[in-house]
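Please look over the sequence and the model shown below before reading on. The report that follows takes up a few features in turn, under short headings.

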Amino acid sequence: MISLTVTAVVFGVVFLAELPDKTALAGLVLGTRYRASYVFAGVAAAFALHVALAVAAGSVLTLLPQQLVHALTGVLFLGGAAMLLMKKDEGEGEVRKPEDQSFWKVSGAGFMLILVAEFGDLTQIMTANLAARYDDPLSVGLGAVLALWAVAGIGIVGGKALMKKVPLRLITQIAALVMLALGVWSLWEAVTG
């Protein structure tokens, strides 16, 4: 059974962490050059694969003693918060243009871009941490994949408009605060548990 609370928490954490990431910019660049639905199909498939790998890794962590898992996830959340706060603003990278506008070429370009760019990324690590923390792979996986798809959709369809209204730095700081809170909470549970 899926927990809406866990799904919502995971969605919020992953969404805020991914929004200021290079993926939104890459989606924006691809979305301005190619048919948005084709780009989204490839990006969504790559994110689903990344989430499945992260949830599997996090589920393995649940085999460890609970206090150790809380301590480990707490440290990793604090590290993620530090990474977000120290992150420099990234410019748009060059995106290779497929020769034609066919579904397979465009979605394949989106899939490969995300597959390579997001492997071992902060949100993949955070998803593994959340899977370990909540021991609820379906809820964590659903929240993470929906958050990543939402960010991709925003990047593809309206990233430029959002970034004009909400400063990227503010989004990054909010994501860092959420991860900081989760890190402190996890460490507290490790010490008191």
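## A cavity and its lining

Which residues line the second largest cavity? In this predicted model, the lining is made up of Phe47, His50, Val51, Ala54, Glu118, Thr123, Gln124, Thr127 and Leu148. The volume of this second largest cavity comes to about 70 Å³, and the protein holds 3 cavities of 30 Å³ or more when they are counted in this way.

Two helices, α3 (36-61) and α6 (122-134), each supply at least two residues of the lining of the second largest cavity, and α3 gives the most, with 4 residues. When the residues of this lining are sorted by their chemical character, 4 are nonpolar, 4 are polar and 1 is charged.

## The overall fold

The protein contains 8 helices and 0 strands, and a reader who follows the sequence meets them in the pattern α-α-α-α-α-α-α-α. Of the 193 residues in the protein, 43% are buried, where buried stands for a relative accessible area under 20%.

Contacts can also be sorted by how far apart the partners lie in the sequence. Among contacts between residues at least 6 apart in sequence, 93% join residues that are at least 24 apart.

## Helix α5, its length and its two faces

Helix α5 covers residues 103-117, and because each residue should add 1.5 Å, its 15 residues should span 21 Å, which agrees with the 21 Å between its end C-alpha atoms. The expected span is 1.5 Å times one less than the number of residues, which means that the last residue adds no further step.

Which residues of α5 are buried? They are Val106, Ser107, Gly110 and Ile114. These buried residues cover an arc of only 90° around the axis, and therefore they lie on the same side of α5. The face of α5 turned away from that buried side carries Trp104 and Val116, which are exposed.

## An unusual backbone angle at Asp135

Where is Asp135 found? Asp135 sits in the loop between α6 and α7 (137-165). Although Asp135 is not a glycine, it has a positive phi of about 50°.

Is Asp135 buried or exposed? With a relative accessible area of 52%, Asp135 is exposed, since a residue counts as exposed when this value is over 50%.

Methods. Residues numbered from 1 in each chain as written. Predicted model: local features only at pLDDT ≥ 70, side-chain atom pairs only at ≥ 80, totals over all residues. Heavy atoms only, no water. 1 Å grid on protein atoms, 1.4 Å probe; cavity = no way out; pocket = protein on both sides within 12 Å on 5 of 7 lines; lining within 4 Å. Points joined across faces, edges and corners; volume = space filled by probe spheres on them. Nonpolar A, V, L, I, M, F, W, Y, C, P; charged D, E, K, R; others polar. Buried < 20%, exposed > 50% of the residue type's maximum accessible area, 1.4 Å probe, protein only. Arc of directions from axis to C-beta. Contact = heavy atoms within 4.5 Å.
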